[in-house]
Amino acid sequence: MATYFVGDIQGCFDELQALLAKVAFNPSTDELWVVGDMVARGTQSLETLRYLKGLEGAVKPVLGNHDLHLMALHGKVKRPNPKDHLDSLLSAPDIAQLIDWLRLQPLVREHSDQAILMAHAGIPPHWDAATAIEESRQVQQVLSRDDYVDCLISKMYTNESSHWQPDAQGLARWVYTINALTRMRFLYPDGRLDFDCKLPPAQGEEVGLIPWYKQPSLAMEKHTLVFGHWAALMGKVDQIGLHALDTGCCWGQYLTLWHLESNQKITQNKLKKS
């Protein structure tokens with residue numbers, strides 16, 4: 001059995017298939033952990049979701065901000081952005097089934113045998129593993145409800161929930177969890193989330209921001225963290241116990257796969273369309 005972690009696919013289905021072919025991925029024996037943002041900027045989001053859903057127990061995804069945004073589009077909360085290339089997915093006959101499959105996925109996964117946590121944007125440094133898993137569970141529970149659009153998706157587009165408040169309840173707590181686990185890159189010195197800066201770490205630090213993973217982390221004391229979301233990193237972090245897997249395939253760069261057992265990274269360049 002082999003365990004693979006793949007970075008932000010973003011609808012780059014051909015590149016995903018080419019990458020999995022390189023390692024002879026076998027869903028009968030192997031696992032594919034997907035770091036979120038399965039859909040959006042690439043042109044094959046429909047093919048990507050259908051393939052991942054069809055892997056059944058062999059796939060272990062977490063939700064990214066673009067996956068949640070797809071739910072908002074399907075729920076008529078937001079209007080499509082032409083940059084997202086989601087028209088064919090939104091009009092597909094099986095869109096409801098694909099959305100229902102997405103709604104069952106968590107924001108955080110913990111490996112059952114290895115001390116590994118995976119979240120799309122990372123784990124807030126003030127959360128330990130147990131907190132991250134529990135807060136993810138609460139959001140997943142809401143997403144599984146029939147009224148998930150009205151009670152959460154339609155209300156998640158706010159930057160007000162930028163600071164962790166352990167006593168917060170309900171919507172404020174869920175939205176902070178979504179913001180932290182799917183949108184986080186930089187933090188302010190007081191620990192608040194910054195929602196705007198997408199620059200490489202050094203440039204953000206020049207304006208007083210701190211990459212989330214450079215603050216003392218409770219989760220990293222005992223766990224390796226796997227995340228995506230931050231294409232400007234291009235997979236390069238200078239700390240042990242971190243694997244950054246978003247390498248900008250949808251922006252013309254490449255898709256990255258981490259093979260757990262050998263600790264090797266395998267990549268696939270963006271394919272040129274004929």
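# Strands, helices and cores in a predicted model

Student: Let's start in the middle of things. Which residue in β5 stands opposite Val 108?

Tutor: Val 108 has Ala 119 of β5 opposite it. Keep in mind that this is a predicted model.

Student: Noted. And which residue of β5 is the bridge partner of Arg 109?

Tutor: That is Met 118. β4 and β5 (residues 116-119) run antiparallel to each other, with three bridges between them.

Student: How many residues does the hairpin from β4 to β5 go through?

Tutor: Five residues; the hairpin joins the two strands through them.

Student: What sits on the other side of β5, and in which sense does it pair?

Tutor: Strand β8 (residues 224-227) pairs with β5 in the parallel sense, again over three bridges. Ile 116 stands opposite Thr 224 there.

Student: So what's the full strand order of that sheet?

Tutor: The order is β4-β5-β8-β9, an open sheet of four strands with mixed pairing. β4 (108-110) and β9 (242-244) are the edge strands, each pairing on one side only. From one strand to the next the twist averages 15°.

Student: Which helix packs on it, and at what angle to β4?

Tutor: Helix α6 (residues 129-143) packs on the sheet and touches β4 and β5. Its direction makes about 130° with that of β4.

Student: Back to β5 for a second. Are its faces covered or open?

Tutor: Both are covered. Ile 116 and Met 118 are buried on one side, and Leu 117 and Ala 119 are buried on the other. In a regular strand, side chains alternate between the two faces of the sheet.

Student: Nice. Changing topic: what's the strand order in the five-strand sheet?

Tutor: There the order is β3-β2-β1-β10-β11, and the sheet is open with mixed pairing. Its edge strands are β3 and β11 (264-269), each of which pairs on one side only. Neighbouring strands are turned by 20° against each other on average, direction ignored.

Student: In which sense do β1 and β10 pair?

Tutor: Strand β1 (residues 3-6) and strand β10 (residues 254-259) pair in the antiparallel sense, over three bridges. Phe 5 has Trp 258 in β10 as its bridge partner.

Student: Let's look at helices. Which residues of α2 are buried?

Tutor: In helix α2 (residues 45-54) they are Ser 45, Leu 46, Thr 48, Leu 49 and Leu 52. They cover an arc of only 165° around the axis, so they lie on the same side of α2. As background, an α-helix has 3.6 residues a turn, so residues three or four places apart point the same way.

Student: And what do those buried residues pack against?

Tutor: Quite a list: α1 (13-22), β2 (31-34), β3 (59-61), α3 (65-74), α4 (87-90) and α5 (95-103).

Student: What about the phi of Glu 56, which follows α2?

Tutor: The phi of Glu 56 is positive, near 50°.

Student: Now the core. Which residues have the most contacts inside the largest nonpolar one?

Tutor: Leu 32, Leu 52 and Ile 123 do, in a core of 81 residues. Leaving out residues up to four places away in sequence, Leu 32 touches Tyr 4, Val 6, Leu 20, Phe 25, Leu 52, Leu 55, Ala 58, Val 59, Lys 60 and Leu 257. A second, separate core has ten residues, including Phe 5, Val 35, Val 62 and Trp 258.

Student: One more residue: is Thr 177 buried or exposed?

Tutor: Thr 177 counts as buried because its relative accessibility is 1%, and buried means under 20%. Thr 177 lies in helix α8 (residues 170-183). Not counting residues up to four places away in sequence, Thr 177 touches Leu 107, Trp 127, Glu 135, Ser 136 and Val 139.

Student: Zooming out, how many helices and strands are there?

Tutor: The protein chain comes to nine helices and eleven strands. Of its 274 residues, 56% count as buried.

Student: And what is its radius of gyration?

Tutor: The chain has 17 Å, which agrees with the value near 19 Å for a compact globule of 274 residues. Its C-alpha trace spans about 50 × 40 × 35 Å along the principal axes.

Student: Last one: what share of the contacts join residues at least 24 apart?

Tutor: That share is 67%, among contacts between residues at least 6 apart in sequence.

Conventions
Residues numbered from 1 in each chain as written. Predicted model: local features only at pLDDT ≥ 70, side-chain atom pairs only at ≥ 80, totals over all residues. Heavy atoms only, no water. Buried < 20%, exposed > 50% of the residue type's maximum accessible area, 1.4 Å probe, protein only. Arc of directions from axis to C-beta. Contact = heavy atoms within 4.5 Å. Pairing = 2+ DSSP bridges. Axes fitted to C-alpha atoms, helices over the stretch in contact; angles between N-to-C directions. Core = buried A, V, L, I, M, F, W, Y, C linked by side-chain atoms within 4.5 Å. Rg over C-alpha atoms; globule rule 2.2 N^0.38 Å.
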